[in-house]
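Got your viewer open? Load the model and follow along, one selection at a time.

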Amino acid sequence: MDTRHGSTDEKLERFRVTCRERGLKITPQRIAIYRELSHSNQHPNASRVYEEVRKIFPNISLDTVSRTLQTFSELDIASMVEFSGEAKRFDPNLDPHHHFRCIQCGHIIDFCNDDYDAIEVPAELQTKYTILGKRVCLEGICDRCKTGD
């Protein structure tokens, strides 16, 4: 269990409250998709979530899982993690954090860094756009790939 972000029961209750507040119907399929996402620390893509959820709901489609994850992202129930040339991946951790992605195996880890949090948004961007958040994404080679394990 990932205790950094609350127990499973707490996460599920926050999910239900957010759905009610945002007018999203709480269905057994959506709960299963959220549970699978919230139990993962792998930043899964829709295909990975689909493979697990279809064990419970064999008739669910990949499209339904993909659209549901996209909806979760739009409603701030989860966030989307995108790296160039890869499928969208999803993150249930809504606390401020950054990501490191291994370019060999694709593993993504969360990390916190006060200096990255304090990066100033350039004034010309602030005047032209509404900045909703900042996230640093680093890419490199993880320890496992470096050592060949």
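A quick key before we click: buried means under 20% relative accessible area, exposed means over 50%, and partly exposed is in between (1.4 Å probe, protein chains only). This is a predicted model, where local features need pLDDT (the predictor's confidence in each residue, from 0 to 100) of at least 70, side-chain atom pairs count only at pLDDT 80 or more, and totals for chains, interfaces and linings use all residues. Residues are numbered from 1 along each chain as its sequence is written, and side-chain values use heavy atoms, leaving out hydrogens and water.

Start by selecting Glu139, which is partly exposed at 46%. Its salt-bridge partner is Arg101, with the closest N and O atoms 2.6 Å apart (a salt bridge puts a side-chain nitrogen of Lys or Arg within 4 Å of a carboxyl oxygen of Asp or Glu). Arg101 sits in strand S3 (residues 98-102) and Glu139 in strand S5, so the pair ties together parts 38 residues apart in sequence. Arg101 is buried, at 8%.

Next, pick Lys146 and Asp143: another salt bridge, 3.7 Å from N to O. They are three residues apart in helix H7 (residues 143-147), so about one helical turn separates them. Lys146 is exposed at 59%, and Asp143 is exposed too, at 56%.

Now jump to Lys55 and Glu52, whose closest N and O atoms are 3.1 Å apart in a salt bridge. Lys55 is exposed at 61%, while Glu52 is partly exposed at 30%. The whole structure has five salt bridges.

Last stop: Ile131, in the loop between helix H6 (123-128) and strand S5 (137-140). Ile131 is partly exposed, at 39%.

Conventions: Helices (H or I, at least four residues) and strands (E, at least two) are DSSP runs, numbered from the N terminus.
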